[in-house]
Amino acid sequence: MSDYVLQAEDVAIHYGGVKALDGVALTLERGQIRGLIGPNGAGKSTVIDAITGRRRLTRGRVRLGGEDVTTLGPVERRRRGLSRSFQRTSVFGQMRVRRQVELAAHSMNPEGSEADAEASLRELDLLARADDVAEDLGYGEQRRLDLALALVGRPTVLLLDEPMAGLSVKESLDLAQHLKALTSRWNVSVLLVEHDMDVVFGISDVVTVFELGRVIASGEPAAVRADPRVREAYLGSAA
Ligand SMILES: Nc1ncnc2c1ncn2[C@@H]1O[C@H](COP(=O)(O)OP(=O)(O)OP(=O)(O)O)[C@@H](O)[C@H]1O
Ligand SMILES: [Mg+2]
C-alpha cells in the first residue's frame, strides 16, 4: 500500500456549482512518471493545486510517503518532499541564475544550500549559464531553470504543469530526457501535465486522462491511447 510516494484519494474541489475536480484518485510510485492529459478546463492544474495544498479540498485526502498531509499547508508539504512547477514560469528575470537557485535552496535548508543549488544546476545542464541573469537565457533554458528551482532540497515528488509549453520540438525532447534521467538518478517521481501527446506517451510509465474533473482512463500508455473514451474526449475538444 505505501509503496506509493503519493496518493490522492477521492479528491474533490467544487467552486459553487462548478465541480473542478470530482472524486479523483491518483498514485505515484517511486521513480515513476505519470502523464496527466485532458482537454482545457479538465482540472489538471487544479489537481496539482489540490495535491500541493494550495486549494482546500471539498472532499478527499492526500498522502505523501504514506503520511496523511491533507491538513498541512503548501510549505509544510514542500518540506516533506513535494515540489511543483507552475504553468507559467516562476523565474526572476533580473537575477543571476545561480543566485536564484541558491536562494531557493537556502529557503529549504540554509545548511549546504550552495552544494544543493550546484547539484540542481548541474542536473539541468545550467552550470555554464549560472552567472548570467535569467532573462538573457533562451526560453528552453528558462524552463530548465524552473525545474532546477523545483529540485532544490531533493524532493521525492515533482508535479509539473506543462513544463514544455512554448518549447520547440527539439527543446521539448531535451527536457523530456532530463526528466527521464532525473527519475533514475535522483529517484524522483513525476506527475507530468502536458499537452504534447508525443512527449506524454513517449516518456510516461502510466498515463491518466481527465475530463470535466474526473478520471476517464488510467493505465499503461498503449492501453490509454487506444481507449475509445479518450479518443472521443480529444475529438470532442478538437485540439
Ligand atoms: N478559482 C476558481 N473559481 C471558479 N472556477 C475555477 C477556479 N479555478 C479553476 N476553475 C475551474 O475549474 C476547472 C478546471 O480548471 P483547470 O485550470 O484545473 O483546468 P486545466 O485542465 O488545467 O486546463 P488547461 O489545459 O487550460 O490548463 C475549469 O472549469 C475552471 O474554469
Ligand atoms: Mg492548466
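A residue counts as near a molecule or strand if one of its heavy atoms lies within 4 Å of it. With that in mind, 13 residues surround ligand 1. This is a predicted model, where local features need pLDDT of at least 70, side-chain atom pairs count only at pLDDT 80 or more, and totals for chains, interfaces and linings use all residues. Residues are numbered from 1 along each chain as its sequence is written, chains are lettered from A and ligands numbered from 1 in the order in which they are written, and side-chain values use heavy atoms, leaving out hydrogens and water.

**Around ligand 1**

- The closest residues to ligand 1 are Asn40, Gly41, Lys44, Ser45 and Thr46.
- Helix 1 gives the most to this shell, with 3 residues; helices here are DSSP runs of H or I with at least four residues, strands are runs of E with at least two, and both are numbered from the N terminus.
- Asn40 uses its side chain: an N or O atom there is 2.9 Å from an oxygen atom of ligand 1. That makes a polar contact, meaning a pair of N or O atoms within 3.5 Å.
- Two glycines use their backbones instead: a polar atom of Gly41 is 2.8 Å from an oxygen atom of ligand 1, and an N or O atom of Gly43 lies 3.0 Å from one.
- On its own, ligand 1 exposes 640 Å², and the protein buries 63% of that; such areas come from the Shrake-Rupley method with a 1.4 Å probe.

**Helix 5**

- Helix 5 runs over residues 139-151, and its 13 residues reach 19 Å from first C-alpha to last, close to the expected 18 Å. The expected span is 1.5 Å times one less than the number of residues.
- How many residues of helix 5 are buried? It's 12 of the 13, where buried means under 20% relative accessible area, exposed over 50%, and partly exposed in between (1.4 Å probe, protein chains only).
- Charged residues are on that buried list too, including Glu141, Arg143, Arg144 and Asp146.
- The cover over helix 5 includes helix 3 (97-108), helix 4 (113-123), strand 7 (157-161) and helix 6 (169-185), with contact meaning heavy atoms within 4.5 Å.

**Salt bridges**

- There are 19 salt bridges in the structure, each a side-chain nitrogen of Lys or Arg within 4 Å of a carboxyl oxygen of Asp or Glu.
- Asp49 has a salt bridge to Arg55 at 4.0 Å, N to O, and another to Arg84 at 2.8 Å. The Arg84 pair links distant parts of the chain, with Arg84 in strand 6 and Asp49 in helix 1 (residues 44-52), 35 residues apart.
- Asp49 is buried at 8% relative accessibility and Arg84 is buried at 15%, while Arg55 is partly exposed at 33%.
- Asp174 and Arg144 pair up as well, their closest N and O atoms being 3.6 Å apart. Asp174 sits in helix 6 and Arg144 in helix 5, so this pair ties together parts 30 residues apart in sequence.
- Asp10, Asp22, Arg59 and Arg214 are joined into one network by salt bridges that share partners.

**Positive phi angles**

- Most residues other than glycine have a negative phi.
- Gly153, which follows helix 5, has a positive phi near 80°.
- Arg154 isn't a glycine, yet its phi is positive at about 50°; you'll find Arg154 in the loop between helix 5 and strand 7.
- Glu162 also has a positive phi, near 50°. This residue lies in the loop between strand 7 and helix 6 and is buried, at 9% relative accessible area.

Technical notes: Polar contact = N/O pair within 3.5 Å; in protein donor to acceptor, adjacent residues only side chain to side chain.
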